[in-house]
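Reader: I would like a close look at one part of this model, the place where the ligand sits. Please take me through the residues around it, then step back to the chain.

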Amino acid sequence: MGKKTKLMMLGPPGAGKGTQAQRLASRMGIPQISTGDMLRAAKKSGSEMGKKAAEYMDKGHLVPDQVVIGIVEESLKSPDVADGFILDGFPRTVEQAEALDSLGIKLDAVLNIQVDEDVLVKRLGGRRACLTCGATYHVEHNPSKEEDICDKCGSETIQRDDDKPEAIRTRMGAYRGKTAPLIEFYRERGRLYDFDGAQSPDGVTAAIMSVIEE
Ligand code: AMP
């Protein structure tokens with residue numbers, strides 16, 4: 001793979017995109033660009049954009065394309081991405097993927113993590129997130145050492161509004177209708193790699209690393 005490594009995580013909500021993107025980012029020394037984290041930070045900051053985005057996010061709807069495309073365009077101008085980046089949660093619609101194309105960005109690999117929907121619903125319902133550093137936990141499979149406290153930064157962990165049952169159903173619908181078509185979009189261009197996200201997080205990381213090292 002060339003000097004500048006451009007990766008993208010694809011998969012339904014709860015598949016483990018964020019977990020894997022964080023691991024790859026620290027192993028490879030390139031930043032994770034998570035639109036979900038950036039939108040949650042904007043919501044927390046109370047900015048106009050954050051408030052508007054929260055109306056969509058809290059119910060489990062996708063934030064309008066133009067807003068998200070603008071955020072990503074800004075991050076890709078940062079000097080941090082000189083050696084590459086891992087897109088996590090973007091693109092999520094064909095329109096967003098076309099916007100990435102028109103920025104002249106050609107991805108080296110699209111890492112598609114697949115998991116059955118009933119497994120995802122269970123995972124998301126038990127998920128806890130740190131709004132300060134983005135770390136995620138699961139009440140059963142991966143609890144923080146101290147309940148409701150982030151191991152990494154000591155902030156409080158919470159259940160995201162969009163991890164509540166009604167919003168989870170809406171997010172799955174958005175994935176099926178708007179994001180899943182990207183699988184064919186990228187498969188046709190080659191460079192799409194499938195991973196079984198039902199295995200352990202370490203198993204997924206190992207499978208991804210072997211593709212990247214190739
Ligand atoms: P995530 O943390 O990736 O699950 O994203 C949380 C929420 O942020 C999503 O349910 C959407 O409401 C919003 N969001 C994140 N990324 C995008 C995107 N690329 N396009 C539209 N909405 C997004």
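Author: What follows starts at the ligand, moves out to the whole chain and ends with the cysteines.

Keep in mind that this is a predicted model.

Start with the shell. How many residues surround the ligand? There are 16 of them. The closest are Thr35, Arg40, His61, Gly89 and Gln96. Find these five names in the sequence, then in the picture.

Now sort the shell by character. It holds 6 nonpolar, 5 polar and 5 charged residues. Which element gives the most to this shell? Helix 2 does, with 4 residues. This helix covers residues 35–45.

Next, look at individual atoms. Threonine 35 has an N or O atom in its side chain 2.8 Å from a nitrogen atom of the ligand. Glutamine 96 also faces a ligand nitrogen atom, and here a polar side-chain atom is 2.9 Å away. Arginine 92 pairs with another kind of ligand atom. One of the polar side-chain atoms of arginine 92 lies 3.0 Å from a ligand oxygen.

How much of the ligand does the protein cover? On its own, the ligand has 470 Å² of accessible area, and the protein covers 96% of that.

Step back to the chain. Its secondary structure comes to 9 helices and 8 strands. The radius of gyration is 16 Å, and the globule rule gives 17 Å for 214 residues. The two values are close, so the chain is as compact as a globular protein of that length. Along the principal axes, the C-alpha atoms fill a box of roughly 45 × 40 × 35 Å. Of the 214 residues, 46% count as buried.

Last, the cysteines. A disulfide is a covalent bond between the sulfur atoms of two cysteines. How many disulfides does the count give here? The count is 0. The cut-off matters for this step: the two sulfur atoms must be within 2.5 Å. Take cysteine 130. The nearest cysteine sulfur belongs to cysteine 153, and it is 3.6 Å away. Cysteine 130 is therefore in no disulfide, because that pair is not within 2.5 Å. Cysteine 133 is in no disulfide either. For cysteine 133, the nearest cysteine sulfur is that of cysteine 150, at 3.7 Å.

Are these two residues buried or exposed? Cysteine 130 is buried, with a relative accessible area of 3%. Cysteine 133 counts as partly exposed, at 37% relative accessibility.

How values were computed
Residues are numbered from 1 along each chain as its sequence is written. This is a predicted model: local features need pLDDT of at least 70, side-chain atom pairs count only at pLDDT 80 or more; totals for chains, interfaces and linings use all residues. Side-chain values use heavy atoms; hydrogens and water are left out. Buried means under 20% relative accessible area, exposed over 50%, partly exposed in between (1.4 Å probe, protein chains only). A residue is near a molecule or strand if one of its heavy atoms lies within 4 Å of it. A polar contact is a pair of N or O atoms within 3.5 Å; within protein, one must be able to donate a hydrogen and the other to accept it, and residues adjacent in sequence count only if both atoms are side-chain atoms. Accessible areas come from the Shrake-Rupley method with a 1.4 Å probe; for residues, only the protein chains shown count as cover. Helices (H or I, at least four residues) and strands (E, at least two) are DSSP runs, numbered from the N terminus. Ala, Val, Leu, Ile, Met, Phe, Trp, Tyr, Cys and Pro count as nonpolar, Asp, Glu, Lys and Arg as charged, and the others, Gly among them, as polar. The radius of gyration is taken over C-alpha atoms; the globule rule is 2.2 Å times the number of residues to the power 0.38.
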